[in-house]
Amino acid sequence: MLEQGTITVHTENIFPIIKKSLYSERDIFLRELISNAFDAISKLKMLSYAGEFQATDETYAVQVNLDKEGRLLRISDNGIGMTAEEIKKYINQIAFSSAEEFVNKFAKSDENQIIGHFGLGFYSAFMVADRVEIDTLSYRPGSTAARWSCDGTTSFTLDTSSRSERGTSITLYLSQDAEEFLNELELKNIIRKYCDFLPIPIYFGEETANKQTPLWKQSPSSLKDEDYLEFYRYLYPFKGDPLFWIHLNTDYPFLLQGILYFPKIERDMDLTKGQIKLFCNQVFVSDNTEEIIPRFLTPLQGAIDSPDIPLNVSRSYLQGDRTVRRISDFITKKVADRLKDMYTNQRETYLKCWPDISVFVKFGMMNNDKFFEQAKDLLIFPTAQTGKPAEDAIPPYKTIAEYQEANKAKTEQKVYYTTDVVNQSSYIDLLLAQNIEVLILDSFIDTHFVQFLEGKYPEVRFSRVDADLDENLLTQDKAAELVDPRTQKTRSEVLKDLFKSVLNLPKLNVRTEALKSEAVPAVVLLPEQLRRLKEMTAMMQQKNMDFLDEHTLLLNTSNPLVQNLQKLEDSGKDPDLVALLCRQVYDLALMSQKPFDADSLQSFIQRSNTVMAQLAATRASI
């Protein structure tokens, strides 16, 4: 018997809001309808297990058919079906319940969030269809098939149907602006994108459109490394193999399964955007998982499946609450546990992974106290070595505790580090020559991380190799303390005054020391705290740090060049050459600290030529 009706509450704005709110991701309509079909089959299976339905040998499946000429798209299932009364309850009443309140809220809040409270998944069909029909037959014995039809207004019709097979078919009369959904390839891609992991076949015409098994549903003990790698290659084709992975599985205090991968970091990777795919009961929801995954773990890839994550109607935006925070904490702990297992049982693998993961571990420690406590004993640093290492060699690594134990006899609580092994090599070599180790902290985050570590370990003081010279590098130079009868100053003071006068830099501090090594005539030292402050300021302003005007030129009185320079000055024979050599010594020391601009480089080259010419002429006249 035909029944016609209208919704009595004020719902004139319902459909325009649905279309406007979800327009940017209209393809979700197919996901919603297939998900509903899967739910109908799942409910029937549960009834069968409970003995309330006599199961047959038929195969449960969802069928998707396209009629291009008729502009019809049909999604069918052989699930639980509905009676006419259930259509009234679940389609007419539920979808439009509290509609007046809904419209009032819509005027005040973000429409995506509002719609998410009303479960309008079925009505997403009206984003692409001018008319939607439901043809259904309930599993209940003696049920009469029913047909429901609505043109996207508040009017509907409900009538009996000639359908003889249990289940439901949803027919969409596609609108003129939904041309892309008449494309078979587009529909197959949508099914694969959202429903590839559903555990029932989805047929598109005669072809099975979903083909994947959700690896996260399987026991880790039944899987091999190659299984995980193949799954990763499917999710992220054309990518290199991941460094390691974590299999998640918990049912308390929330349900969550998944597999997370840490990829090898590539230069073109966008590390600010999460790449984990979020599923709800094996249906793809979103790759927008920033609220679930802590910021320091944004490089993670893989899949998470949880029915307990609150979502809005489009299922593309997470609604943060206590469960989301708990899941975030759970993932953080599992990452720490995996790192700890690698550190303890797969040390070589851990060391090979460290260059890729170190920045994110450090960032996590600075932003998550729980993670710091979980991972602090896993924090390692490469140590600087003399000579050029083999291409694939793994450098020696040390924790802070191991560094202190190995160097405590010489450095007490000081930790020496380098941020540039090449440019700071002269400083490093001075320390290594005295068996003092140097840690390498050369990532962009390390300026902040050193400050953070000093806060966590107040007894430890970090000093970059060019900040000052350890007492163990120095020796006594009695000659430097002899008084020059001409000036009544020590030879050390005379040398300092000479360089100050020639260089004429108001903020330059000149210091003399006798180093145990004769290798370098001079080094430039930068004050640690001021340099850190300048580096942080430059980083926040996204520019390179300007060289510090406030710096120290340390002259090595053990070096033959410095000694001969002083003798030449004492002789008074060639003041011009003395001045040239002073500038040359300063520039040589400065090269380890900053690149020369064009003018400075040209001046250095010209001076080098002049000095060599004068020295050659002097040598030839002997």
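**Stop 1: the five-stranded sheet**

Select strands β10, β11, β14, β12 and β13. In this predicted model, these five strands form an open sheet, and that is their order across it. The pairing is mixed. Strands of a sheet pair through backbone hydrogen bonds, either parallel or antiparallel.

Now colour the two edges. They are β10, residues 244–250, and β13, residues 283–286. Each of them pairs on one side only. Look across the sheet: neighbouring strands are turned by 20° against each other on average, with direction ignored.

**Stop 2: inside the sheet**

Zoom in on β12 (residues 275–280) and β14 (residues 301–305). How do these two strands run, and how many bridges join them? They run parallel, joined by five bridges. For one bridge to label, pick Gln275: its partner in β14 is Gln301.

**Stop 3: the helix on the sheet**

Add helix α8, residues 322–345. Helix α8 packs on the sheet and touches β10, β11 (256–262) and β14. Compare its direction with that of β10: the angle is about 135°.

**Stop 4: Ile331 and the nonpolar cores**

Next, select Ile331 and show its contacts. Leaving out residues up to four places away in sequence, Ile331 touches Leu248, Leu260, Ile292, Ile293, Leu297 and Ile304.

Widen the view to the largest nonpolar core, which has 103 residues. Which residues have the most contacts inside it? They are Ile331, Phe499 and Leu553. Then highlight helix α17, residues 575–590. Helix α17 gives the most to this core, with 10 residues.

Another core lies apart from the largest one. This other core has 69 residues. Select Val62, Met82, Ile202 and Phe284, which are among them.

**Stop 5: the second largest pocket**

Switch to a surface view. Rolling a probe the size of a water molecule over the atoms shows where empty space is left. The second largest pocket holds about 730 Å³ of space. It is lined by 25 residues. To centre the view, select Thr419, Arg464, Glu535, Met545 and Gln593, the lining residues closest to the pocket's centre.

Which helix supplies the largest share of this lining? Show α15, residues 528–540: four lining residues come from this helix.

**Stop 6: the whole chain**

Zoom out and colour by secondary structure. The protein chain has 18 helices and 25 strands. Recolour by burial: of its 622 residues, 50% count as buried. Finish with a contact map. Among contacts between residues at least 6 apart in sequence, 71% join residues at least 24 apart.

Note on methods: Residues numbered from 1 in each chain as written. Predicted model: local features only at pLDDT ≥ 70, side-chain atom pairs only at ≥ 80, totals over all residues. Heavy atoms only, no water. Pairing = 2+ DSSP bridges. Axes fitted to C-alpha atoms, helices over the stretch in contact; angles between N-to-C directions. Contact = heavy atoms within 4.5 Å. Core = buried A, V, L, I, M, F, W, Y, C linked by side-chain atoms within 4.5 Å. Buried < 20%, exposed > 50% of the residue type's maximum accessible area, 1.4 Å probe, protein only. 1 Å grid on protein atoms, 1.4 Å probe; cavity = no way out; pocket = protein on both sides within 12 Å on 5 of 7 lines; lining within 4 Å. Points joined across faces, edges and corners; volume = space filled by probe spheres on them.
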